[in-house]
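User: Could you take me through this model step by step, giving the meaning of each term as we go?

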Amino acid sequence: MIEECVAFIYDVNISVKMEDQVREPIGSASEEISTEFQTLVDSQDLDSITQSQNLILGRLQDSNAVLSHFNDYSENCFADVSADFSKNTRLLRTMKSDLDYIFQKLRSMKGKIVATYPDAFPDNSAIEALDQRPDLELAK
């Protein structure tokens, strides 16, 4: 049993040493690649790109602040107007139902009048002759 533990510890030590040996070339390779990339791009170009990105970031933050303010303003305006809008909507609905009732009563009365006095209302050709008002909807 002790021999197995010693063998296991020995195997672990060997694998750790191998990993260290593998890490060293990988680390030096990554350093070499990073230095090669640094030589490919001019530092002034990187500075100008960084300045442009910071300028764009500032503009986007300003735009975000303006849009947030506008959203708050719109929300307040909607809260103010929504009560009036719902009140006026209810008023229009009641007016429509009242007018529907009135027109229903007028049609009923007209039907009774036509049944009692058939000549009380002229036919369509006579209505057109009597109505001499100009049509405002037509373009001249």
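Analyst: We begin with a term: buried means under 20% relative accessible area, exposed means over 50%, and partly exposed lies in between, with a 1.4 Å probe and protein chains only as cover. This is a predicted model, in which local features need pLDDT of at least 70 and side-chain atom pairs count only at pLDDT 80 or more, while totals for chains, interfaces and linings use all residues. Residues are numbered from 1 along each chain as its sequence is written, and side-chain values use heavy atoms, leaving out hydrogens and water.

User: Is K96 buried or exposed?

Analyst: The relative accessible area of K96 is 52%. Because exposed means over 50%, K96 counts as exposed.

User: Which residue meets K96 in a salt bridge?

Analyst: A salt bridge needs a side-chain nitrogen of Lys or Arg within 4 Å of a carboxyl oxygen of Asp or Glu. The partner of K96 lies 4 residues apart from K96 in helix α2, about one turn of the helix, where helices are DSSP runs (H or I, at least four residues) numbered from the N terminus. At 2.9 Å, N to O, the side chain that meets K96 belongs to D100.

User: Where is the kink in α2 centred?

Analyst: The bend at a residue is the angle between axes fitted to the seven residues ending there and the seven starting there. In α2 there is a kink of about 30°, and its centre is V81.

Key: Helices (H or I, at least four residues) and strands (E, at least two) are DSSP runs, numbered from the N terminus.
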